[in-house]
Amino acid sequence: MGRQFVIQLENRPGELAHLARALAARGIDLQHVSCVGAGPLACAFISTSDDETTREVLAGLGHEFIEGATILVNVEDRPGGLADVLERLGNADVNIMGTLVVGRGPGIVEMAFAVDDEPRALRALGITTLVGVSG
């Protein structure tokens with residue numbers, strides 16, 4: 001998995017479609033996508049097949065965005081499982097810039113996080129490589 005992009009959009013009909021079409025026009029496959037809107041702003045969280053071209057498209061569209069290396073975490077699929085992971089990051093003073101659910105297995109939800117301090121997040125979660133798995 002490549003980088004995770006957190007993109008600021010206007011919260012209006014067709015904005016996410018416009019972004020998806022612009023990426024498709026450059027041959028970029030959306031591998032994971034999530035979006036949320038509140039008031040006049042929305043944020044899309046995406047990972048794609050081509051990080052470099054994704055940056056070019058986003059800059060060309062004039063969208064503000066941040067990006068981070070993807071940290072994969074296996075979260076226990078139970079009440080409080082996600083809270084446990086989030087508290088570990090929060091206690092380590094790590095800010096989450098974006099997160100996506102990227103898979104499921106028996107008792108596990110695989111989540112991708114983009115954070116403001118990747119080395120600190122890795123230590124907090126007990127992960128030894130940038131794209132890793134922790135419980």
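Trainee: Two strands pair if DSSP finds at least two bridges between them. Which residue takes a positive phi in the hairpin of β2 and β3?

Mentor: That's G39, with phi near 65°, and the hairpin has two residues between its strands. Helices (H or I, at least four residues) and strands (E, at least two) are DSSP runs, numbered from the N terminus. Before we go on: this is a predicted model, where local features need pLDDT of at least 70 and side-chain atom pairs count only at pLDDT 80 or more, while totals for chains, interfaces and linings use all residues. Residues are numbered from 1 along each chain as its sequence is written, and side-chain values use heavy atoms, with hydrogens and water left out.

Trainee: Okay. How many bridges do β2 and β3 share?

Mentor: Eight, and the two strands pair in the antiparallel sense. To find one of them, start at H32 and look for S47 in β3, its bridge partner.

Trainee: What order do the strands take in that sheet?

Mentor: The order is β2-β3-β1-β4, so read it that way across the four strands. The sheet is open and the pairing is antiparallel. At its edges stand β2 (30-38) and β4, each with a single partner strand, so one side of each has no neighbour in the sheet. From one strand to the next, the twist averages 20°.

Trainee: And how many bridges hold β1 and β4?

Mentor: Four bridges join those two antiparallel strands. Q4, for instance, has G68 in β4 as its bridge partner.

Trainee: Which helix lies across this sheet's strands?

Mentor: Helix α1 (residues 15-25) lies across β1, β2 and β3 (41-48). The helix runs at about 130° to β1. Axes here are lines fitted to C-alpha atoms, for helices over the stretch in contact, and angles run from 0 to 180 degrees between N-to-C directions. Contact means heavy atoms within 4.5 Å.

Trainee: Switching topic. How many aromatic pairs are there?

Mentor: First the rule: rings of Phe, Tyr and Trp (its six-membered ring) pair if their centres lie within 6.5 Å; planes under 30 degrees apart count as stacked, over 60 as edge-to-face and the rest as tilted. By that rule the count is one. The pair is F5 with F65, tilted, at 6.0 Å centre to centre and 55° between the planes.

Trainee: Why does that pair tie together parts far along the sequence?

Mentor: Look at where the two rings sit: F5 is in strand β1 (residues 4-10) and F65 in strand β4 (residues 65-68), so the pair ties together parts that are 60 residues apart in sequence.

Trainee: Is F5 buried or exposed?

Mentor: F5 counts as buried, at 0% relative accessibility. Buried means under 20% relative accessible area, exposed over 50%, and partly exposed in between (1.4 Å probe, protein chains only). F65 is partly exposed at 27%.

Trainee: How many disulfides does the structure hold?

Mentor: Zero. A disulfide is a pair of cysteine sulfur atoms within 2.5 Å. The closest cysteine sulfur to that of C35 is in C43, 7.6 Å away, which is too far for a bond. C35 is partly exposed at 36% relative accessibility, and C43 is partly exposed too, at 28%.

Trainee: Now helix α3. Which of its residues are buried?

Mentor: In α3 (residues 81-91), G81, V85 and L89 are buried. Seen down the helix axis, the buried residues of α3 fall within an arc of 70°, so they line one face of the helix. The arc is that of the directions from the helix axis to the C-beta atoms.

Trainee: What covers those buried residues?

Mentor: The cover includes β5 (71-76), β6 (96-105), β7 (108-115) and α4 (118-125).

Trainee: In what order do those three strands form their sheet?

Mentor: β5-β7-β6, in an open sheet with antiparallel pairing. β5 and β6 stand at the edges with a single partner strand each, so one side of each is left without a neighbour in the sheet. The twist averages 30° from one strand to the next. α3 packs on this sheet, touching β5, β6 and β7, and its direction makes about 135° with that of β5. α4 packs on the sheet as well, touching β5 and β7, with its direction at about 30° to that of β5.
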